[in-house]
Amino acid sequence: MNNVYSQIDARSMFIHKQSITEKNQEFFVGRRDLLAFAFDALAVPGASLAIYGNKGIGKTSYGWQILAGINGNQDLIKRLEIETNFPIPRYYCIWLRCSDVLRNLEGVLAKLLEPSNKQYSLSYTFPKVFTEKRRRTISTTLGVDGPFFKALLRVDDQGKEASINRDSTEFMDFRMQIHNLFEETLFEIKNHPDYRGEEEIIIFLDEFDRITDKTGVGQLLKNLNDARFAIIGTGEDIIQIIEDHASARRKLEGSKIRLPEMEPEEIRQIFERAASIYPNRVFFTDEFINLVTENSGGFPWIAQLLGFHAVLPHQKGSAGREVIIGAKDFQQAANYLASPTGDVERYTQLLRAIGDSDKRERLLFALSEQVTVSKKGFGWIAKKKFIDELQNRDRRNIDHNLSKLVDSGILREDSSAEHERIKFDDPVMAAIVHLAAKRGSLRRSDL
């Protein structure tokens with residue numbers, strides 16, 4: 001219990017190392033209208049969800065709050081006073097976080113079928129269907145130690161590309177067996193007397209962008225009647241699904257949700273919620289909140305990160321006294337984030353990408369300034385407009401350095417749009433660059 005004699009704890013106020021799930025949803029703020037939209041979309045028979053947006057914008061946390069709501073948890077719905085047009089439906093919820101190992105749709109289906117004790121897996125949710133006999137059938141069909149399954153994942157025992165011919169009749173038959181087994185399992189669940197109620201099955205596929213081959217997903221959405229999907233990924237993923245099968249467009253019509261950058265009021269709610277943990281003891285000044293809003297790009301994760309490191313130095317000796325977090329605390333948190341000790345992995349990647357090139361460093365600074373001034377968070381900006389505004393005649397050199405930054409994974413380029421676009425691939429990386437630009441150098445260590 002928090003009282004005037006307890007020491008404050010930044011961990012109870014901010015969350016920045018993990019997503020907000022249904023188990024720690026007290027950290028979740030904002031997105032009220034978008035949650036209402038999702039609940040209404042899932043109340044429409046046959047609809048699936050597609051949740052997309054920039055990396056780090058909070059898609060996974062948002063998805064978990066949808067799962068909580070349709071799984072019967074009313075806490076967040078009551079706290080945010082979410083109002084819907086239809087009664088919020090109840091679902092049997094399955095959650096799978098995709099990984100680089102699951103190269104294609106069949107790999108995803110195999111992972112869903114795999115017996116597991118994890119909550120929100122198929123076997124955990126429907127134990128009376130996953131009998132010992134069915135588990136043996138799944139094991140035999142998948143043959144997880146066999147060459148076909150390894151070829152499905154495209155790796156052999158040494159982690160190298162598998163040598164099986166993936167265009168062979170035998171391998172295509174194996175892939176079809178996985179589809180058949182998945183559909184049979186869902187059919188048995190739907191017709192089992194213990195699960196034959198009005199609740200439908202919805203399968204959340206998180207980090208769907210990590211699946212390299214999305215062939216067949218659109219057709220699965222169209223043909224599968226015994227389950228719905230909530231696909232969490234990027235805008236490119238949704239386009240690929242629709243292009244895979246035109247009928248998938250109908251399944252997703254009216255239920256595609258782009259998660260935007262947070263509005264200033266939503267960023268403010270992060271700090272109002274944090275202060276409420278220690279009422280009348282911890283205060284965030286308007287100046288501090290405005291600085292976070294201006295420098296976070298609307299990304300909740302970055303706001304949480306800055307809040308945590310602003311409060312952390314005040315923990316020791318905080319018992320029995322007020323703590324006021326202001327502009328000076330913001331600067332200390334910003335300096336920490338934009339330093340070698342703040343995020344070693346990202347900072348090292350930046351230094352490697354820049355090398356000894358002052359020009360690349362200045363390009364990154366200019367780009368971080370552009371995306372902030374344009375108030376588009378850390379999203380796409382037109383490449384030609386960016387270069388033109390640099391007022392530098394040496395365009396060939398600029399193109400060369402931008403390409404180097406793209407190759408190093410710092411920037412991302414999109415040439416498929418009508419006009420070429422660029423952006424930081426990682427919003428936290430963008431925030432580090434933006435904050436470092438204010439002190440004039442990424443390579444300065446005298447913080």
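Is Cys 98 buried or exposed? Cys 98 is buried, with a relative accessibility of 1%. Its companion for this part of the talk, Cys 93, has a relative accessible area of 2%. Because the cut-off for buried is under 20% relative accessible area, Cys 93 counts as buried too. As for disulfides, the count is 0. For the record, a disulfide is a covalent bond between the sulfur atoms of two cysteines.

Before going on, a caution: this is a predicted model. The average pLDDT over the chain is 85, and 88% of the residues reach at least 70. One stretch to leave alone is residues 155-159, where pLDDT stays under 50. The model gives that stretch 8 contacts beyond four places in sequence. Where pLDDT is low, the coordinates should not be read in detail.

Now the chain as a whole. There are 447 residues, and 51% of them count as buried. The secondary structure comes to 20 helices and 10 strands. Take the contacts between residues at least 6 apart in sequence: 75% of these join residues at least 24 apart. The accessible surface is about 22,100 Å², and carbon and sulfur atoms account for 48% of that.

The rest of my time goes to one strand, β4, which covers residues 228-233. How many of its residues are buried? The count is 6 of 6. Look at the two faces in turn. Arg 228, Ala 230 and Ile 232 lie on one side, Phe 229, Ile 231 and Gly 233 lie on the other, and all are buried. Note that an arginine, Arg 228, is on that list.

Which strands pair with β4? One is β1, residues 49-52, which runs parallel to β4 and is joined to it over 4 bridges. In that pairing, Tyr 52 has Gly 233 of β4 as its bridge partner. Another is β3, residues 200-206, also paired with β4 in the parallel sense, over 4 bridges. There, Ile 202 stands opposite Arg 228. From β3 the chain passes through helix α9, residues 217-223, and on to β4, a β-α-β crossover that is right-handed.

So much for contacts of the backbone; back to the picture on the screen. If you want to find β4 there, start at Arg 228, buried on one side of the strand, and follow the strand to Gly 233, the bridge partner of Tyr 52.

Key: Residues numbered from 1 in each chain as written. Predicted model: local features only at pLDDT ≥ 70, side-chain atom pairs only at ≥ 80, totals over all residues. Heavy atoms only, no water. Buried < 20%, exposed > 50% of the residue type's maximum accessible area, 1.4 Å probe, protein only. Helix = DSSP H or I, 4+ residues; strand = E, 2+ residues; numbered from the N terminus. Pairing = 2+ DSSP bridges. Right-handed = clockwise from strand over helix to strand, strands pointing away. pLDDT = per-residue confidence, 0-100. Contact = heavy atoms within 4.5 Å. Disulfide = S-S within 2.5 Å. Areas by Shrake-Rupley, 256 points an atom, 1.4 Å probe, with all protein chains shown as cover.
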